[in-house]
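Trainee: I am new to this structure and would like a close look at a single part of it. Please take the part you find most useful to follow residue by residue, and explain each term when it comes up.

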Amino acid sequence: GKSVLVITHSVDLALKYADRLIAMSKGRIIADAAPIDVLSDAEVVREARLKRPLRAELCAIARRRGAA
């Protein structure tokens, strides 16, 4: 298999194409998981100063309500 490393601030791009997302803050890794899992973690989103796409925001709401 082949891997492609993309470094971006576009969470929409990461959500659409990536199988894995590594979020960093202050030079350290704070999350390493599937993009939807990283973007659904409010603490990671806050600490990494990310802006969640609508899809991730809806998933986070569903998880809080026990639907996912």
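Mentor: Helices and strands here are DSSP runs numbered from the N terminus, a helix being H or I over at least four residues and a strand E over at least two. The model is predicted, with local features needing pLDDT of at least 70 and side-chain atom pairs pLDDT 80 or more, while totals for chains, interfaces and linings use all residues. Residues are numbered from 1 along each chain as its sequence is written, and side-chain values use heavy atoms, without hydrogens and water.

The part to follow is the strand pair and the core it helps to build, but the whole chain comes before it. The chain has four helices and two strands, and from the N terminus their order is α-β-β-α-α-α. The radius of gyration, taken over C-alpha atoms, is 12 Å, close to the 11 Å of the globule rule (2.2 Å times the number of residues to the power 0.38), so the chain is as compact as a globular protein of 68 residues. Along the principal axes, its C-alpha atoms fill a box of roughly 35 × 30 × 15 Å.

Of the 68 residues, 28% are buried, where buried means under 20% relative accessible area, exposed means over 50%, and partly exposed lies in between, with a 1.4 Å probe and protein chains only. Contact means heavy atoms within 4.5 Å. Among the contacts with a separation of 6 or more, 18% join residues 24 or more positions apart.

Now the core. A nonpolar core is a set of buried Ala, Val, Leu, Ile, Met, Phe, Trp, Tyr and Cys residues joined through side-chain atoms within 4.5 Å. The largest one in this chain has eight residues, namely A14, L21, A23, I30, A31, V38, V44 and A48. Strands β1 (21–25) and β2 (28–33) each give at least two residues to this core.

A23 is a good place to begin. This residue sits in strand β1 and is buried, with a relative accessible area of 4%. Leaving out residues up to four places away in sequence, A23 touches R28, I29, I30, A31, V38, V44 and A48. Its C-alpha atom is 14 Å from that of D12, a residue 11 places away in sequence.

From A23 the path leads to A48. Apart from its neighbours within four places in sequence, A48 is in contact with A23, M24, S25 and I30. Of these, S25 also lies in strand β1. S25 is buried at a relative accessible area of 7%, and beyond residues up to four places away in sequence it touches I30, E47 and A48.

After S25 comes K26, in the loop between β1 and β2. With a relative accessibility of 83%, K26 is exposed. The phi of K26 is near 55 degrees, a positive value in a residue that is not glycine. Most residues other than glycine have a negative phi.

R49 follows A48, and it is found in the loop between α3 (42–47) and α4 (54–64). R49 also has a positive phi, about 55 degrees, without being a glycine. R49 is exposed, at 78% relative accessibility. Its C-alpha atom is separated by 13 Å from that of I29, which is 20 residues away along the chain.

Two further residues fill in the helical side. D37 lies in helix α2 and is partly exposed, with a relative accessible area of 35%. Between the C-alpha atoms of D37 and G66, 29 residues apart along the chain, the separation is 15 Å. S40 is in the loop between α2 (35–39) and α3. S40 is buried at a relative accessible area of 13%. Not counting residues up to four places away in sequence, S40 touches R52, A56, C59, A60 and R63.

To return to the strands, A23 and S25 are both in β1, and A48 is in contact with both of them. K26, in the loop between β1 and β2, is exposed, whereas S25 is buried.
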